[in-house]
There are 2 protein chains.
Amino acid sequence: MSLTVVGSMAFDALETPFGKTDKIVGGAATYISLAASYFVKPVNVVSVVGGDFDQDHIQLMHQRDISTEGVQVKENEKSFFWSGRYFNDMNSRETLVTELNVLGDFDPIIPQSYQGCDYLMLGNLAPQVQKTVIERLNERPKLVVMDTMNFWMDIAMEDLKETIALVDVLSINDEEARQLSGEYSLVKAAKVIMAMGPRYLIIKKGEHGALLFSEDKVFFAPALPLEEVFDPTGAGDTFAGGFIGYLASTGDTSFGNMKRAVIYGSALASFCVEKFGTERLKNLTQDEIENRVQQFVNLVQFDAVLQ
Amino acid sequence: MSLTVVGSMAFDALETPFGKTDKIVGGAATYISLAASYFVKPVNVVSVVGGDFDQDHIQLMHQRDISTEGVQVKENEKSFFWSGRYFNDMNSRETLVTELNVLGDFDPIIPQSYQGCDYLMLGNLAPQVQKTVIERLNERPKLVVMDTMNFWMDIAMEDLKETIALVDVLSINDEEARQLSGEYSLVKAAKVIMAMGPRYLIIKKGEHGALLFSEDKVFFAPALPLEEVFDPTGAGDTFAGGFIGYLASTGDTSFGNMKRAVIYGSALASFCVEKFGTERLKNLTQDEIENRVQQFVNLVQFDAVLQ
């Protein structure tokens, strides 16, 4: 099954309690496509970068069968840049610098070779751009998954709701679910949000795991308790990449398989946070991934023999 | 297997976003013994109340085969009283009034009929009092479970550590685990705390579930996603009561059975928060409990068929 991923490819400069980086490669499409590449090939990326983007990273993407045919290169412009600092609890952060650069007027182009894709992952971007991508596909994919963030709820709620109405799965965090729905209880929030269109809702709770809702069903995947969260940047995107990559590789969008996909996404995210940026996602082995999934099984498994 | 429970029996006055109560019956031993009574009979309570305590509640305890032989009644004094207000998120609260009253000089008496108990639950109390109870038992119980709170870490850390060194299972919340260990990561905190003595550590995370640690093993039990948390008072004690009640009823302290016990504790706690105070714990049926446990199974269950 073919997968198309839309999102930013960017530079990040990060500061965590464990250290800081110069500009390193980041961006939603970067994390999503790397994570998905462990499940499905090729992964087709739609994005835009400046002439300054890291060519070694493009090479790495090609080595992992990630197509960059849909990545526009604006030679005389600069790539999107974000700089941020994480606080000690790693759950909160402050933005130091945001330079939209090429992302400011991003007009996504879908190469002919991407048409007919079965799975579409809309990484966090302006909701109008996400909607444009759906409109520019000749056929609606089998499954459309969308990520977004509170920023768009603050400045473009109507655009956001129009796009949300078009997707099958929405993936947001707990605070965003509360803001989008106006409900504090996540169970109530899920009902409100699914009434906006998506058949499935994933609510990410960072170190507290993730909830998958559909109709009246709910599934909970824990996050793996880790000794150290080194750098949380990209964890949510990596989760999304593992999730849709697993779905695309199996071609099964039943609720049972979605549960497995949430576990695979959580497993990939647990690798992501072990090192700065994309470092840990460059050379995973299938054994490492399957061992990690087994850790999730062990973490929650119990025999429910009643008295 | 016989169970002895030590802790406060008290009056609480509560204010939540959903309403407020006059003085209603509360206290750690109240919640623990009610929850445990669904699994094991009799439950032997060691506590102290004033002449003002609610006789209807004592009757209820007797109806549920909870022995109050070890509950001292100080006719001319008043019962422990706590008043608090919960904020909108229900995870934080402020204390409005604390009147120790009879609890101020509580000297626990162990009736002869309680001697030889197999399981001992030390509800939150001054650690020196908890230690006295252990010392006054002629034989060490098969399993000693202890709850405590940050208050004792602030004012009696050395006493607390002496008592912790004597127990098998310590049950605290995430912030308390961090304070007690000086480690932010709960995985690191667990190692530090288990090195203080307990073979098992339960870290309660409220709406985010609970972790059970032993040696290098870890188990995670989610909290049930609820539409409404009406009143969180007593949820931690109810969890503890369900946990030790289930263990005492099965007489099995293997890690596998401890996992089940954590699920039973979580199930009982999920009932507790549905109404004010002990209201929801007075008349549960075995069917209700087993259906609730099944909801936990459904919540985390997935088939980990690898690709």
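Two strands count as paired here if DSSP finds at least two bridges between them. With that in hand, a first look at chain A of this predicted model: strand S1 (residues 3–6) and strand S9 (residues 119–122) of chain A are joined by four bridges and run parallel. Val6(A), for instance, has Leu122(A) as its bridge partner in S9(A).

**The sheet in chain A**

That pair sits inside something wider. Chain A has an open sheet of nine strands, and reading across it you get S6-S5-S1-S9-S10-S11-S12-S13-S14, with mixed pairing. Strand S6 (66–74) and S14 of chain A are at the edges with a single partner strand each, so one side of each has no neighbour in the sheet. Going from one strand to the next, the twist averages 15°.

There's a helix to look at here too. Helix H6 (residues 174–181) of chain A packs on the sheet, where it touches strand S11 (169–173) and strand S12 (200–204) of chain A. The direction of H6 makes about 110° with that of S11(A).

**The sheet in chain B**

Over in chain B, the open sheet has nine strands in the order S6-S5-S1-S9-S10-S11-S12-S13-S14, and the pairing is mixed. Its edge strands are strand S6 (66–74) and strand S14 (217–221) of chain B, each pairing on one side only. If you ignore direction, neighbouring strands of this sheet are turned by 15° against each other on average.

For a look at one pairing in chain B, take strand S9 (residues 119–122) and strand S10 (residues 143–147): they run parallel, with four bridges joining them. Tyr119(B) has its bridge partner in S10(B), namely Leu143(B).

**Backbone spots worth a click**

A few backbone details are easy to check in a viewer. Here are the cis peptide bonds:

| Cis peptide bond | Omega | Place of the proline |
|---|---|---|
| Lys41(A) and Pro42(A) | about -10° | loop between helix H1 (28–36) and strand S5 (43–50) of chain A |
| Lys41(B) and Pro42(B) | about -10° | loop between helix H1 (28–36) and strand S5 (43–50) of chain B |

Then there's Glu215(A), which has a positive phi of about 45° although it is not a glycine. You'll find Glu215(A) in the loop between strand S13 (210–214) and S14 of chain A.

**Where the chains meet**

How much area do chain A and chain B bury between them? About 3,800 Å², with 57% of it on carbon and sulfur atoms. The contact draws on 39 residues from chain A and 39 residues from chain B.

As for charges, the rule finds six salt bridges across the interface of chain A and chain B. One of them joins the side chains of Lys191(A) and Glu227(B), at 2.3 Å from N to O. The count of residue pairs in polar contact across this interface is 16, with both residues at pLDDT 80 or more.

Which elements of chain A supply at least two residues each to the side that touches chain B? They are helix H7 (186–194), strand S14 (217–221), helix H8 (235–250), helix H9 (255–272) and helix H10 (286–300). H10(A) gives the most, with six residues. Sorted by class, this side of chain A has 21 nonpolar, six polar and twelve charged residues.

S14(A) therefore turns up in both parts of the story: it is an edge strand, with one side left without a neighbour in the sheet, and it supplies at least two residues to the side of chain A that touches chain B.

Technical notes. Residues numbered from 1 in each chain as written. Chains lettered and ligands numbered in written order. Predicted model: local features only at pLDDT ≥ 70, side-chain atom pairs only at ≥ 80, totals over all residues. Heavy atoms only, no water. Contact = heavy atoms within 4.5 Å. Buried area = accessible area lost by both parts, 1.4 Å probe. Salt bridge = Lys/Arg side-chain N within 4 Å of Asp/Glu carboxyl O. Polar contact = N/O pair within 3.5 Å; in protein donor to acceptor, adjacent residues only side chain to side chain. Nonpolar A, V, L, I, M, F, W, Y, C, P; charged D, E, K, R; others polar. Axes fitted to C-alpha atoms, helices over the stretch in contact; angles between N-to-C directions.
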